Amino acid sequence: MDLVLSYTPPLNKKCSPFVLKDDEDVAALLASRSDSTCKIPLGVTVEPTEVCAYEKSGQESSDDTDGSHDGFRDNYFDVDYCDSEPTDVGSSRQTLLVFRNAERTSNDNGASATQPAEGNPPVDPLLQVTGAGSDEPVNVPTIEASDSTFSDGSDLHEGKYFNTKKDLKRKLSDIAMKGNFEFRTRKSNRSLWVIECIDPNCSWRLRASKIVPESTKFVIRKYVGVHSCSLLNRNANHRQATYVVIGEQVAPQYVGVEKGPGPKGVQTFARTELGAQISYYKAWRGRKHAHTLIRGSPEQSFHVLPSYFHMLEKLNPGTVSRIEVDGESRFNYLFLAFGVAIRGFRYMRKVVGIDGTFLKGQYRGVLLVATAQDGNGQCYPLAWGIVDSENEDAWSWFLTQLKEIIGDIDELALISDRAPSIKKAISTVFEKAHHGACAWHVA
């Protein structure tokens with residue numbers, strides 16, 4: 001934006017304002033001020049100007065659809081100027097100053113020389129700005145710090161670095177939730193992020209971009225951390241309180257514990273610690289995301305199964321582990337028996353109970369287990385397996401692996417419920433062992 005300075009000379013007749021174009025015009029103004037007993041007001045006209053950006057066109061995507069932005073703030077936050085460097089946060093505040101004389105003209109009674117019209121507030125003649133394209137003076141309201149402005153309370157400043165754009169987004173989301181305000185994205189791509197307050201008339205905004213195109217580090221180029229919007233616009237149920245942000249904040253509460261807080265506990269945490277009101281469903285998704293951060297995703301667990309079994313066999317001599325995959329290398333069956341359990345079975349009663357139960361994870365499945373009984377009548381875990389369902393093929397595969405570690409002898413008895421798939425699989429795999437039904441299921 002261009003600032004055009006002008007003044008009206010103290011003549012007896014009305015005339016157009018004189019524009020200050022060079023040093024000679026300024027000298028003439030100073031001379032007229034010194035010779036005149038009346039203080040001459042200085043007018044300021046704001047005219048738009050074009051600013052050339054060094055960024056390549058077509059690289060930025062805009063999310064701004066309402067078009068409610070003034071030209072100065074758009075130019076300032078939409079480009080990284082070639083000769084600009086990150087500065088302190090105080091330099092990011094842009095203020096339009098109108099200079100006036102320290103001395104005020106007063107009449108004999110000590111009142112102001114300019115009297116307001118009846119019913120109107122006082123008008124300072126030295127604070128009059130001529131609008132572009134008009135000779136009529138326009139009053140400039142005085143902007144003072146009040147309850148209508150408030151800081152976001154963060155430690156952000158121009159020149160602050162973040163390892164990734166994700167880290168910067170996480171930081172801003174935390175600030176927004178704790179400050180109970182919302183922001184929206186105006187421009188965003190792999191190398192740029194421009195955001196502003198949800199109120200189009202608010203001064204809070206931030207622009208960050210990559211240090212260099214090849215780097216993943218982001219730096220805050222421009223930042224205004226003071227809100228000029230109404231406090232009535234502050235909202236505790238806002239868009240920045242996503243389940244991902246909630247999950248990242250509540251994740252430490254699931255470290256080293258068996259269960260951790262449930263969805264209602266996550267709702268309470270978000271309300272008391274983050275100042276955000278979230279729904280039960282969002283709390284449930286946040287809890288699930290926290291579990292993923294602490295314990296990993298199901299896909300990651302399946303991926304590390306071979307490495308896990310390798311370490312088990314290396315550190316536990318005699319351990320037997322099997323993983324069965326289909327033709328596309330996708331998980332199908334799993335079998336595990338620790339070496340210490342296999343060696344201890346020789347001292348147990350030759351009665352093995354087998355059963356299955358449903359898994360409640362993302363990919364479901366069935367957990368199969370084989371247990372024996374020791375001399376004190378206590379359960380002795382022998383082997384585990386994971387299959388898709390309790391069908392004949394799955395039971396046959398599991399029992400085949402079990403047969404390799406306990407053998408097939410006449411003294412062996414297998415106890416199960418009366419599922420037809422178990423009965424058929426036992427008769428196929430174990431030729432010498434006996435099969436009996438559990439008394440509980442018989443009753």
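K160 sits in the loop that links β6 (150–151) to β7 (161–162); helices here are DSSP runs of H or I with at least four residues, strands are runs of E with at least two, and both are numbered from the N terminus. This is a predicted model, in which local features need pLDDT of at least 70 and side-chain atom pairs count only at pLDDT 80 or more, while totals for chains, interfaces and linings use all residues. Residues are numbered from 1 along each chain as its sequence is written, and side-chain values use heavy atoms, with hydrogens and water left out.

Back in that loop, the side chain of K160 makes a polar contact with the side chain of D155, at 3.3 Å. Such a contact is a pair of N or O atoms within 3.5 Å; within protein, one must be able to donate a hydrogen and the other to accept it, and residues adjacent in sequence count only if both atoms are side-chain atoms. Leaving aside residues up to four places away in sequence, K160 touches D155, F218, V219 and I220, where contact means heavy atoms within 4.5 Å.

Now for the wider view. The protein chain has 12 helices and 19 strands. Of its 443 residues, 35% count as buried; buried means under 20% relative accessible area, exposed over 50%, and partly exposed in between (1.4 Å probe, protein chains only). Among contacts in the chain with a separation of 6 or more, 58% are between residues 24 or more positions apart.

Three helices, α4 (243–250), α5 (263–274) and α6, are worth a closer look. In α4, V245, I246, G247 and V250 are buried, and the buried residues of this helix pack against α3 (165–179), α5 and α6. The axes of α4 and α5 come within 11 Å and cross at roughly 85°; axes are lines fitted to C-alpha atoms, for helices over the stretch in contact, and angles run from 0 to 180 degrees between N-to-C directions. The two helices are therefore roughly perpendicular to each other, the label for angles of 65 to 115 degrees (under 35 is roughly parallel, over 145 roughly antiparallel, and the rest oblique). On the α4 side I246, Q249 and V250 take part, meeting V266, F269, A270 and L274 of α5.

Helix α5 also packs on α6, at an angle of about 100° with the axes 8 Å apart. Here P263, K264, V266 and Q267 of α5 touch Y280, A283, W284 and R287 of α6. This pair, too, is roughly perpendicular.

As for α6 itself, its 16 residues (280–295) should span 22 Å, and the end C-alpha atoms are indeed 22 Å apart; the expected span is 1.5 Å times one less than the number of residues. A283, G286, R287, H289, A290 and H291 are buried in this helix, with α4 and α5 included in what covers them. Just past the helix, G296 takes a positive phi of about 90°.

Positive phi values also turn up in residues other than glycine. S329, in the loop between β13 (320–325) and β14 (331–337), has phi near 60° and is exposed at 62% relative accessible area. R364 has phi near 55°; this residue lies between β15 (351–358) and β16 (366–373), and its 57% relative accessibility makes it exposed.

Finally, the cysteines. The structure holds 0 disulfides (pairs of cysteine sulfur atoms within 2.5 Å). For C197, the nearest cysteine sulfur is that of C202, 3.8 Å away. C197 is buried, at 2% relative accessibility, whereas C438 is partly exposed at 25%.
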